[in-house]
Amino acid sequence: MSQSPTIPPGPAGVSVVVIAYNDAELVGDAVRSALAQGPAVTEVVAVDDCSSDATAAVLEELAAAEPRLTVVRRTDNSGGCGTPRNDGIAAATAPYVMFLDSDDVLPPGAVAALLATAEEHGSEVTVGRAVRRELPAGRDVPWQPGLYREAAVYESPEAEPKLLHDTLCVNKLYRRDFLNDRQLRFPDGKFTYEDFVFTARVYAAAPRVAVVPQLVYVWHVRRAAAQVSISLARKDIANWQARIAAHTRAVEALRAADRKALAAACRTKFIDYDLCLYLRELRVRDAGYQGDWWRLTRDYLAAFEAAEVAAAAAPARWAAAVVLAAEAPRDLDRLSQLAADPARLTPPYATAESGPVWADDLGVALDGLDVLPADRLPLTVDATLLPGRRGILKLRVHELYGRLGALTSADVEFVPRDGGDSALTLTAPMVAGDGGWSGQVPVTLARLAAAGGRGTQIWDLRVRLNTPTGSGPHTTLRAQPSGLRRTAVPGSRYGVLLVQPYRTSSGSLAVRLAPGVQGAIGVVGGKLRRLTRTARSTRR
């Protein structure tokens with residue numbers, strides 16, 4: 001068990017600002033997680049944004065038993081997250097400030113780790129690792145993991161422009177006098193993605209930034225919640241408009257402070273992350289949304305400098321170039337695959353005199369493809385799972401402009417969706433054919449189900465391609481429509497095993513297993529309940 005960092009002697013302490021609105025069920029857990037940080041937290045300032053539920057009562061009850069808790073009640077609802085955070089900064093008295101949302105928690109030792117590092121290095125901003133915890137499964141997805149693999153200190157953000165990729169305000173510790181002296185505050189009122197602008201304003205002020213590799217924030221993701229978070233509410237075109245507006249304000253803040261390199265890096269980050277995030281889902285939106293999204297995105301990207309686009313990673317910059325070159329939405333499935341993580345460049349593979357291009361009728365150059373390292377090649381591996389007592393997994397690997405060379409086999413891993421190591425690895429011999437390689441391997445689905453235990457299981461599939469000289473690229477499998485059929489497989493262990501291969505939002509192949517009669521009934525019943533809810537909402 002790792003020990004918490006030793007806090008240097010002295011008056012240093014942290015005010016944790018918790019903001020809440022109509023979150024009576026969860027705000028108590030958030031506040032208690034802050035109070036449980038120990039002496040590093042000298043006060044918790046809970047700002048109730050004029051809730052109409054029992055949020056205020058929950059906070060007052062906690063405050064009655066805990067002198068470190070101060071409750072600030074707003075008399076009118078601000079409509080956003082920025083104003084209550086600003087209220088929290090104004091009420092804070094400790095030398096350092098940290099923010100916590102009412103539906104998230106701080107893991108043990110988080111504040112002590114940040115505070116010890118801030119005091120040691122004299123950093124105005126100290127940042128740490130965060131995870132998105134998918135509930136109720138509890139699976140943790142690292143947030144911007146490349147930034148937090150090891151400790152580091154940067155004299156200013158220009159020393160590491162990729163800090164701009166982390167737009168969260170909650171996994172950071174701020175020196176309060178730095179915020180006050182520079183008058184650094186969030187946008188007030190109903191402003192979506194307010195943390196984009198705040199983070200840009202903070203970095204525009206050129207703070208010393210220290211990085212700790214410890215986990216300091218747990219961001220709860222509740223996709224089935226009645227009211228989903230802003231980051232998940234992407235079905236409305238207004239969400240994309242708000243994201244562009246916030247990003248524009250962030251760039252303006254950096255430029256106003258003459259941080260030209262950071263402003264350019266902020267725009268490049270928009271292509272690398274924001275653009276791809278929404279492109280993955282664009283194919284499933286309605287035609288009206290697609291048209292509006294395309295127009296808004298083209299208008300915004302048109303203002304970017306060529307160098308800002310070129311600095312984006314391939315293949316994200318190829319996607320941006322396609323959007324800029326085409327006046328109307330096109331090739332949405334291909335673009336969603338290109339924007340996936342890992343990226344897939346699907347056929348057809350067109351070529352011009354200058355080299356690989358997007359399509360015969362759209363000569364967007366796939367620049368840099370020839371120098372991409374093997375582990376970053378946007379390979380496409382098609383897969384079809386044919387369930388049965390002895391299932392079959394069929395694979396087809398598409399050659400990518402001669403970059404693969406030769407393949408001998410493919411190792412396919414079945415990885416549990418809720419976290420953990422692969423439970424089953426199968427090796428398929430690969431045979432060269434027209435434009436690539438193909439192969440197949442038997443899959444004993446009962447063995448996979450036994451590894452997953454009772455209840456419904458979801459398995460993601462990953463593949464590593466092997467060459468005559470050793471291991472090659474690692475990617476996911478692209479689901480083929482012909483294999484997406486639910487099948488009941490008889491077996492001696494479970495009586496029946498319900499198998500459902502399906503395509504994820506990014507186009508990857510995954511498989512859902514429901515062992516036993518009760519598991520099968522549960523899956524079917526869940527589908528019926530969803531259909532019933534859909535029918536009811538349609539009648540409304």
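## Reading the fold, one feature at a time

Modeller: Let's start with contacts, meaning heavy atoms within 4.5 Å. Of the contacts in the protein with a separation of 6 or more, 71% are between residues 24 or more positions apart. Keep in mind that this is a predicted model, where local features need pLDDT of at least 70, side-chain atom pairs count only at pLDDT 80 or more, and totals for chains, interfaces and linings use all residues. Residues are numbered from 1 along each chain as its sequence is written, and side-chain values use heavy atoms, with hydrogens and water left out.

Colleague: Which helices and strands does the protein have, in numbers?

Modeller: Helices (H or I, at least four residues) and strands (E, at least two) are DSSP runs, numbered from the N terminus. Here there are 14 helices and 24 strands.

Colleague: How do I read two packed helices?

Modeller: You describe them by the angle between their axes and the distance between the axes. Axes are lines fitted to C-alpha atoms, for helices over the stretch in contact, and angles run from 0 to 180 degrees between N-to-C directions. Take α7 (residues 237-256) and α9 (residues 287-301): their axes come within 10 Å and cross at roughly 10°. Angles under 35 degrees count as roughly parallel, so α7 and α9 are roughly parallel to each other. Among the residues making the contact are Trp240 and Ile244 of α7, and Trp293 and Leu296 of α9.

Colleague: And how do I read a sheet?

Modeller: Two strands pair if DSSP finds at least two bridges between them. One open sheet has three strands in the order β10-β11-β12, with antiparallel pairing. β10 (350-352) and β12 (362-365) stand at the edges with a single partner strand each, so one side of each has no neighbour in the sheet. On average, neighbouring strands of this sheet are turned by 50° against each other, direction ignored.

Colleague: Which residue in β11 is the bridge partner of Ala352?

Modeller: That's Gly355. β10 and β11 (residues 355-359) pair over three bridges, in the antiparallel sense. Helix α11 (residues 316-325) packs on this sheet and touches β11 and β12, its direction making about 145° with that of β12.

Colleague: What is the strand order in the sheet of five strands?

Modeller: That open sheet runs β17-β18-β14-β13-β21, with mixed pairing. Its edges are β17 (431-433) and β21 (478-479); each has a single partner strand, so one side of each is left without a neighbour in the sheet. β17 pairs with β18 (residues 436-443) in the antiparallel sense over three bridges, and in β18 Ser438 is the bridge partner of Val431.

Conventions: Parallel < 35°, antiparallel > 145°, perpendicular 65-115°, else oblique.
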